[in-house]
Amino acid sequence: MPAGSTNSDFVELVLACGSWQEAQAIADTLLGKHLVACVEFLEIKSKYHRQGALREADEIKLVMEAAAMNFEKIEAEIKKLHSYDTFVLQQIPIERVSKRAETWWLEETNTKD
C-alpha cells in the first residue's frame with residue numbers, strides 16, 4: 001500500500017477506565033498479547049447519565065492503535081479486566097496512515113486470523 005493511501009484495516013480504539021491501575025492493566029495485557037501497537041493515556045472528567053441520575057467521574061481514557069480484525073479479541077480481554085458493567089469501546093477507522101506507521105503496526109500487532 002503506498003504511503004498515505006486509504007487503509008481501513010487499522011483503527012483507533014477508545015476506552016474510558018475507572019482508575020490508573022485498571023487502565024495500565026488493560027494496556028499491559030493488550031500490548032503483551034500484541035493486540036494493539038500503542039496505547040495513550042489521557043486523564044479526563046466525564047459526566048453521564050446512569051441509573052436515572054446525572055453522574056460525574058474522573059477517568060482515564062485509553063486511545064489505542066490496532067488492527068480492525070482484532071476488535072472482538074480486544075473486547076474479550078477488556079471484559080476480563082474492566083470494572084464497568086457497561087464499558088464503551090469505540091472503534092474509529094483510520095483512513096490514511098504513513099507507510100512507516102503501517103509497517104510498524106503490522107510488525108507489532110497480531111494480524112493473523
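User: Hi! Which residues touch the most other members in the largest nonpolar core?
Analyst: Those are L15, L62, M64, I74 and L89, in a core of 20 residues. One thing to keep in mind is that this is a predicted model.

User: Noted. Which elements give two or more residues to this core?
Analyst: Three strands and two helices do: β1 (10–17), β2 (36–50) and β3 (53–67), plus α1 (20–32) and α2 (71–81).

User: And what does L62 touch, leaving aside residues up to four places away in sequence?
Analyst: L62 has quite a list: L13, V14, L15, C17, A23, I26, V39, E40 and F41.

User: Back to cores for a second. How many residues are in the second, separate core?
Analyst: Seven, and F10, A37, A67 and I94 are among them.

User: OK, new topic: the sheet. In what order do the strands sit?
Analyst: The order is β2-β3-β1-β4, in an open sheet of four strands with antiparallel pairing.

User: Which ones are the edge strands?
Analyst: β2 and β4, where β4 covers 89–93; each of the two pairs on one side only.

User: What's the average twist from one strand to the next?
Analyst: The twist averages 25°.

User: How many bridges join β1 to β3?
Analyst: Eight, with the two strands running antiparallel. L15 has its bridge partner in β3, and that partner is L62. You've met both already, as L15 and L62 are among the core residues that touch the most other members.

User: Nice. Where does α1 lie?
Analyst: Helix α1 lies across β1, β2 and β3, and runs at about 145° to β2.

User: What about α3, which strands does that helix touch?
Analyst: Helix α3, residues 99–108, packs on the sheet and touches β1, β2 and β3. Its direction makes about 90° with that of β2.

User: Let's switch to the backbone. What is the phi of H34?
Analyst: H34 has a positive phi of about 55°, although it is not a glycine. Most residues other than glycine have a negative phi.

User: Where is H34 found?
Analyst: In the loop between α1 and β2. H34 is partly exposed there, with a relative accessible area of 37%.

User: And Q51, what is its phi?
Analyst: Q51 has a positive phi too, about 50°, and is not a glycine either. Its place is in the loop between β2 and β3.

User: Last one: is Q51 buried or exposed?
Analyst: Q51 is exposed, because its relative accessible area is 67% and the cut-off for exposed is over 50%.

Notes
Residues numbered from 1 in each chain as written. Predicted model: local features only at pLDDT ≥ 70, side-chain atom pairs only at ≥ 80, totals over all residues. Heavy atoms only, no water. Core = buried A, V, L, I, M, F, W, Y, C linked by side-chain atoms within 4.5 Å. Buried < 20%, exposed > 50% of the residue type's maximum accessible area, 1.4 Å probe, protein only. Contact = heavy atoms within 4.5 Å. Pairing = 2+ DSSP bridges. Axes fitted to C-alpha atoms, helices over the stretch in contact; angles between N-to-C directions.
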